[in-house]
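Visitor: I've got a model here that I'd like to understand before heading back to the bench. Could you walk me through it?

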Amino acid sequence: MKIVGSIVLPAYQSSSTLRRALDSIVNSQIAQCATEVVVVFDGIDEQSESIFQEWSKDSPIPAKSKIIERSGVSVARNVGANEATGKNIAFLDCDDEFTTARMAELSGDLSGLMLIGKQELIVEREGGYEQGLLHPSGF
């Protein structure tokens, strides 16, 4: 199955919210499309890791995780992006949720699409970036 969309979740002490964020991906009906979930644990968090392992056993979506030394959310996102195999990448914070509409956008052929944090879009268009959206070099 070809991966067309990767969802990267940076996780730091997220045991109270991780399951809800992961479930929102499945509940957004993207499970029938090819996608993957990449969780990057920013520092050791055995409780969150256990929640992820339990969730991934029954998940209809391929999922993998990586543990890094505590480095901050930006580094965790970058590590996740490097681990991702999808053409499009979405970043979902562990205290956020995906909606069906956003997941449909991710699974489509939208080169340059990136979802960040609270589902803010960056869409690369000919001649620059969509007005009002963040430019990647501004991070």
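Visitor: Over which residues does pLDDT stay under 50?

Guide: This is a predicted model, where local features need pLDDT of at least 70 and side-chain atom pairs count only at pLDDT 80 or more, while totals for chains, interfaces and linings use all residues. Residues are numbered from 1 along each chain as its sequence is written, and side-chain values use heavy atoms, leaving out hydrogens and water. pLDDT is the predictor's confidence in each residue, from 0 to 100. The model has 56 contacts (heavy atoms within 4.5 Å) beyond four places in sequence for the stretch you're after, residues 109–139.

Visitor: What pLDDT does the protein average?

Guide: A score of at least 70 goes to 64% of the residues. The average for the protein is a pLDDT of 76.

Visitor: In what order do the elements run from the N terminus on?

Guide: Helices (H or I, at least four residues) and strands (E, at least two) are DSSP runs, numbered from the N terminus. The protein has 4 helices and 8 strands. Their order is β-α-β-α-β-α-β-α-β-β-β-β.

Visitor: Which residue of strand 4 does Gly-5 stand opposite?

Guide: Strands pair if DSSP finds at least two bridges between them. Strand 1 (residues 5–11) and strand 4 run parallel, joined by 4 bridges. Gly-5's opposite number in strand 4 is Asn-88.

Visitor: Are the residues on both faces of strand 4 buried or exposed?

Guide: Buried means under 20% relative accessible area, exposed over 50%, and partly exposed in between (1.4 Å probe, protein chains only). One side has Asn-88 and Ala-90, the other Ile-89 and Phe-91, and all of them are buried.
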